[in-house]
Amino acid sequence: MIDQRWRRTAEVLVNYSAEVRPGDRVLIVMVEPETFPLAVAVYEAVIRSGGLPHVQFGSAYLERALMQYGNEIQVNWVPEPELDEIRWADAYIGLRGARSPHEFAGVPADVLAAHRRAMGIVSRARNEGTRWVLMRVPTEALAQQAGMPLDEMMAFFFRATLRDWAEEARTYEQIRERFQRARTVRVTGHETELTFSTVGRTYIIGDGRHNMPDGEIYTAPVEDSVEGVITFEFPGVYGGVRIPDIRLVFERGQVVSATASANADLLCRILDTDVGARRVGEFGVGVNFGIDRFIGDVLFDEKMGGTVHLALGRAYAECGGTNDSAIHWDVVKDLRTGGTISLDGEEVFRNGSFRF
């Protein structure tokens with residue numbers, strides 16, 4: 001018997017997020033066995049909507065085997081079958097379960113970076129060629145990672161997900177309009193003084209169309225305009241590896257100094273992925289106040305109400321961004337206990353609350 005909350009979630013993903021229509025080819029990617037109940041519910045919802053569903057399976061265990069035993073050619077391989085299925089699909093629904101955050105511990109940083117670079121090509125094909133939505137599905141491993149009992153994790157998940165997304169979108173649009181009118185952004189906080197321009201760029205609301213749970217307003221800063229320093233209270237998470245106490249210094253849009261209290265070698269490898277990895281591809285503000293804690297998973301964490309995030313690497317073309325990179329890596333900063341956002345010199349956000 002499928003939990004009815006999964007069926008309600010599937011209806012949101014299929015009919016609201018992916019907007020599946022009769023005849024649409026829908027690729028359902030279930031990552032980890034624990035996502036099977038939701039995969040069944042999504043499959044049913046696609047059938048009811050007249051679509052043609054196809055299911056693909058993946059797992060962190062398989063990725064680890066590739067990185068642990070693969071040679072250079074295999075690690076850098078961009079899997080053609082995955083690309084072919086994405087090209088086949090009109091809509092892509094990714095159900096991402098979680099394994100242990102330490103599953104890739106011991107994998108050399110250069111191997112992990114190379115594999116992520118290869119999979120970034122797959123992600124780009126998905127973003128550019130389909131109506132796509134990604135959902136992080138709670139598992140025992142995710143609950144352990146978040147430091148919560150499983151039932152509390154499930155309640156947290158559904159609280160963040162089963163919302164009136166049409167109403168949420170109206171609220172987010174009001175915030176977006178205020179940001180869109182601005183030319184410059186200034187963020188302050190703990191060891192943070194960062195400025196950049198958004199002239200000619202478009203702010204977009206994350207209202208459940210591409211990520212679920214959702215809740216962000218984001219844009220692509222002008223590439224060479226980012227100046228100053230930002231320090232992140234929350235660790236960056238890359239391939240399941242945590243990089244705590246990241247501090248980045250920007251000059252003319254590029255990271256010129258980067259430090260972390262652990263896994264600094266991986267941070268350097270990420271920044272050296274390609275030329276675009278040292279530039280900011282995205283600035284976002286979290287506005288889902290149903291997400292009230294950091295759990296070490298960016299699909300939740302970047303949406304947390306009262307936070308901002310930067311993504312190093314690939315910019316979203318729909319925002320007007322031009323930075324190109326194989327990576328798009330988000331790191332979240334907490335502004336709830338001491339931080340501000342100012343637009344054209346006017347403070348609009350302080351300590352986790354908007355002031356307009």
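Buried means under 20% relative accessible area, exposed over 50%, and partly exposed in between. The model used in these exercises is predicted.

**Exercise 1. Place Tyr-43 and classify its exposure.**

Step 1. Find the element: Tyr-43 is in helix 2, residues 36–48.
Step 2. Read the value: the relative accessible area of Tyr-43 is 36%.
Step 3. Apply the cut-offs: partly exposed lies between 20% and 50%, so Tyr-43 is partly exposed.
Step 4. Look at the surroundings: Tyr-43, Ile-47 and Val-55 make a nonpolar surface patch of about 250 Å².

**Exercise 2. Classify Gln-254 in the same way, then relate Gln-254 to Glu-80.**

Step 1. Gln-254 belongs to strand 14, residues 254–259.
Step 2. With a relative accessible area of 30%, Gln-254 is partly exposed.
Step 3. Gln-254 and Glu-80 are 174 residues apart in sequence. In space, 33 Å separates them, C-alpha to C-alpha.

**Exercise 3. Work out the strand order of the open sheet and find its edges.**

Step 1. The open sheet has five strands in the order 2-1-3-4-8, and the pairing is parallel.
Step 2. Strand 2 (52–58) and strand 8 (211–212) each have a single partner strand, so they stand at the edges. One side of each is left without a neighbour in the sheet.
Step 3. Now look at one pair. Strand 3 (residues 91–96) and strand 4 (residues 131–136) run parallel and are joined by six bridges.
Step 4. Take one residue of that pairing: Arg-96 has Arg-136 in strand 4 as its bridge partner.

**Exercise 4. Describe strand 9, its side chains and its partners.**

Step 1. In a regular strand the side chains alternate between the two faces of the sheet.
Step 2. Check strand 9, residues 216–219: Glu-216 and Tyr-218 point one way, Ile-217 and Thr-219 the other. All of them are buried.
Step 3. Strand 7 (residues 204–206) runs antiparallel to strand 9, with three bridges between them. Ile-205 is matched with Ile-217 in strand 9.
Step 4. Strand 15 (residues 280–286) also runs antiparallel to strand 9, joined by four bridges. Here Tyr-218 stands opposite Gly-284 of strand 15.

**Exercise 5. Which side chain of opposite charge is nearest to Asp-301, and how far away is it?**

Step 1. Locate Asp-301: helix 11, residues 298–301.
Step 2. Asp-301 is buried, and the nearest side chain of opposite charge is Arg-242, 6.6 Å away.
Step 3. Compare with the cut-off: a salt bridge needs the atoms within 4 Å. Asp-301 has no salt bridge.
Step 4. Look for another contact: a polar side-chain atom of Asp-301 lies 2.9 Å from the backbone nitrogen of Ile-295.

Conventions: Residues numbered from 1 in each chain as written. Predicted model: local features only at pLDDT ≥ 70, side-chain atom pairs only at ≥ 80, totals over all residues. Heavy atoms only, no water. Patch = residues over 30% accessible without salt bridge, like charges linked within 9 Å, V, L, I, M, F, W, Y side chains within 5 Å. Areas by Shrake-Rupley, 256 points an atom, 1.4 Å probe, with all protein chains shown as cover. Helix = DSSP H or I, 4+ residues; strand = E, 2+ residues; numbered from the N terminus. Buried < 20%, exposed > 50% of the residue type's maximum accessible area, 1.4 Å probe, protein only. Pairing = 2+ DSSP bridges. Lys, Arg positive; Asp, Glu negative; His and termini not counted. Polar contact = N/O pair within 3.5 Å; in protein donor to acceptor, adjacent residues only side chain to side chain.
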